[in-house]
Amino acid sequence: MLCLGLSGGLSKIYENSLDLPNTFMHDGAAVLVRDGRVIAAVEEERLNRIKHSNKLPRRSIQYCLEYAGVQLSDIDCIAYYATEAFCNAMLERLLVSQPHMSIPLNAKLLLCGLLAQEFGTEVDPSRISFVSHHLSHAWSAFSMSGFEQSLILTIDGGGDFASGLLAVGSGTEVTPLATFPESDSLGLLYLETIKYLGYGMFDEYKIMGLAPYGDPAPHRDLFEQFYELLDNGGYRIYLDRIGPTLLRSIEVRRKGMPFTQQHKDLSASLQEALERIVFHVLRHHSEITGIKRLSLAGGVAHNCTLNGKLLRSGIFQDIFVQPAAHDAGCALGAALMMSNELGQSAPRERLQEVYWGPDLGSDRAVEQELIAWGGHIEIERCDDVASRAAEWIADGAVIGWMQGRSEFGLRALGNRSILADPRPATNKDRINAIVKKREGYRPFAPSVLEEDANEFFELPDSRQEFPFMNFVVPVRESKRNLLGAVTHVDGTARLQTVSRNINQAYWEVINAFRKRTGVPILLNTSFNNNVEPIVDSVADAVTTFLTTDLDGLVVGSYLIKKRTASPEDWSRLALSLPPYSSLHQVRAFTALDRQETVCEIRTGPSSREAVRISSELFELLMRIDGEAPLGDILDLIAPNQNQREALLNELRGLWEQRSVRLHPMRAGSAAEPLSSSINLSSGARL
């Protein structure tokens, strides 16, 4: 029995005509379940390189099918992560706002048509099921928890006209107890507040990291105007009060401005309000049901601080948080729910690992990919990469580490990670500034050998395994100065324990570091910079390595260092535009306060994602159809050395922002002749 779960949008990657609201259609993914067990899963953003991709997860579906060695026609059930009624309502809303469009108002027929176009086979509508959004979340958590019975809480911004679900899971059944309407959305409470802190959608987790720098007391009374705790575990949110109240009460922070203590205190008040509401709901329902185990999912379940406090509260004996708790995890829940309905329930086992994504491939395939970058990197094959990597890290290096299959979900769990020494506090600042290129307050997580975790961290008696970075726990006071790079300002850390039985390669590199330093811990953060999803392929890893200040890279059995590339090495790379980038000429005010025609490259549908580029580079990029050797283009556009260097430096800056692609020419590819004429319509995709 094969069940394919899907999340994401109902349009193809190159289409902007059917963009349903991003507040619902995002985090596309595909998960393939065989007889109740997950065999393959990946988020679409890992493959199409568009963060929080809101398109049909075509590449994810293709990966799952290829991994299983099956065709789409072999799938018994395709489960989509929202009800058909909700999807149809979204289509109707879209048609009202854009009446010129010609789209079916039947989501099932639309999905069938898209799958047929992409995979060249007709899809029987009877094989497609639309699954309640929050039931998908609930099944993703309870089915993976290993519990025979638990309370289930799902909380997010919204989906299927609701923002959360409280249910009881028992055996192979999930029974809803209460549904929370969108008007009482805890996700929207968070999102609406952080607008006044210079953040927006998908930035919620950043405020979780800022909150420990603040004091909730100064704004506690203010926040109590935004919510009300009701009898019987209920609550009410007053979203319409947030904006007017904050505009009168605080100095609004704009993106890029420094954080004041007022902003930090506001973050702390927001975190406290969230915790009060969730504790109120769960304490009541735990008491009336007598159930002492909890399963959590939904985007708000990524709030690791909340999870850690729940675990230490004593309300529950055990808590399981589904590691892909955001909407990508709905693809998992939808597949498991339908598999259960068709008679193949998930085994009642605790989830141990989520290495379900694409594999690196054979050593030979990895070597060939690396050799293609030969002018830019030095490559060494090594039989003991763990020891060499640990040596690099102990000597102060920050490295990229890439092994095996990629992780499903938001966290890098040792297969697509950046690793560093957890001891020097300066490592946090260094990695934030020159590698991740993000806010300096943001904390990093420690990965610790499972058998040594209790020596360094205060763990509850009921739990010694924390494999998914879902809980913030206290660092033992005697170890806080030692672990300066991974201990947050409040003395806590978002912990990952590493088992030798689950991920031997990652365990070995931490153990090798332990042998050198006496510390069985590494700093672990996701292998990406601030503008891209976590790397998935070898090519992704090399690109991120070359466009950040990482000191080294380990891919499979290979150790990689940077080489100073010559102009000829750069010229041999191919240049192309990613599918999400487009070129535009627009009228805009310049620094001299004059309105002129300027050139832009955009990585999204609006001018907010635009970067201004020189007219010379615009002309260069205009000449590309597919991909072309960079040297040939520079020869045509920039005949003198100064022009070439200026254009190459500009291109490298855009490459760091992932607005363009620089990559080795594909084997056997040949560039088309470059045209010397340009036809341009302002704002056109070219």
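**Figure 1. The surroundings of helix α2 in this predicted model.** Welcome to the first close-up: the elements that cover the buried residues of α2 include β1 (2-7), β2 (29-34), β3 (37-43), α1 (44-48) and α4 (107-119). Helix α2 itself runs over residues 58-68, and its buried residues are S60, I61, Y63, C64, L65 and A68. Just after the helix comes G69, whose phi is positive, at about 70 degrees.

**Figure 2. Helix α6, largely enclosed by the rest of the structure.** Why is helix α6 described as largely enclosed? Seven of the nine residues in this helix (residues 186-194) are buried, so the rest of the structure largely encloses it. If you would like to pick them out, the buried residues are L186, G187, L189, Y190, L191, T193 and I194. They pack against β6 (149-159), α7 (204-210), α8 (220-223), β10 (235-237), α9 (239-249) and α10.

**Figure 3. The largest nonpolar core and a second, separate one.** Nonpolar side chains tend to be buried together in soluble globular proteins. Here the largest nonpolar core has 143 residues, and the members that touch the most others are F457, L575, L620 and L621. Helix α10 (residues 261-289) gives this core its largest share, nine residues. A second core, separate from this one, holds 40 residues, among them L10, C64, I78 and L94. C64 is also one of the buried residues of helix α2.

**Figure 4. A closer look at L620 and its partners.** Which residues does L620 touch, not counting residues up to four places away in sequence? Its partners are L575, I633, L634, I637 and L647. Of these, L575 is listed together with L620 among the residues of the largest nonpolar core that touch the most other members.

**Figure 5. D540 in helix α18.** This view centres on an aspartate found in a helix that covers residues 538-546. Is D540 buried or exposed? Its relative accessibility is 15%, so D540 counts as buried, the cut-off being under 20%. Not counting residues up to four places away in sequence, D540 touches R46, R49 and V535.

**Figure 6. N470 in a loop.** The loop that holds N470 lies between α16 (453-456) and β17 (472-474). With a relative accessible area of 3%, N470 is buried. Leaving aside neighbours within four places in sequence, the residues in contact with N470 are C304, N307, V321, Q322, P323 and L495. To help with scale, D231 lies 239 residues away from N470 along the chain, and the C-alpha atoms of the two are separated by 30 Å.

**Figure 7. The whole chain, as a setting for the close-ups.** Stepping back, the chain has 22 helices and 28 strands, and its C-alpha trace spans about 80 × 65 × 60 Å along the principal axes. How does the radius of gyration fit with that of a compact globule? For 686 residues such a globule would have a value near 26 Å, and the chain has 25 Å, which agrees. Of the residues in the chain, 59% count as buried. Among contacts with a separation of 6 or more, 71% come from residues 24 or more positions apart. The accessible surface comes to about 26,900 Å², with 46% of that belonging to carbon and sulfur atoms. Finally, the chain has 68 positive and 85 negative charges, and the mean positions of these two sets are 3 Å apart.

Conventions
Residues numbered from 1 in each chain as written. Heavy atoms only, no water. Buried < 20%, exposed > 50% of the residue type's maximum accessible area, 1.4 Å probe, protein only. Helix = DSSP H or I, 4+ residues; strand = E, 2+ residues; numbered from the N terminus. Contact = heavy atoms within 4.5 Å. Core = buried A, V, L, I, M, F, W, Y, C linked by side-chain atoms within 4.5 Å. Rg over C-alpha atoms; globule rule 2.2 N^0.38 Å. Areas by Shrake-Rupley, 256 points an atom, 1.4 Å probe, with all protein chains shown as cover. Lys, Arg positive; Asp, Glu negative; His and termini not counted. Charge placed at Lys NZ, Arg CZ, Asp CG, Glu CD.
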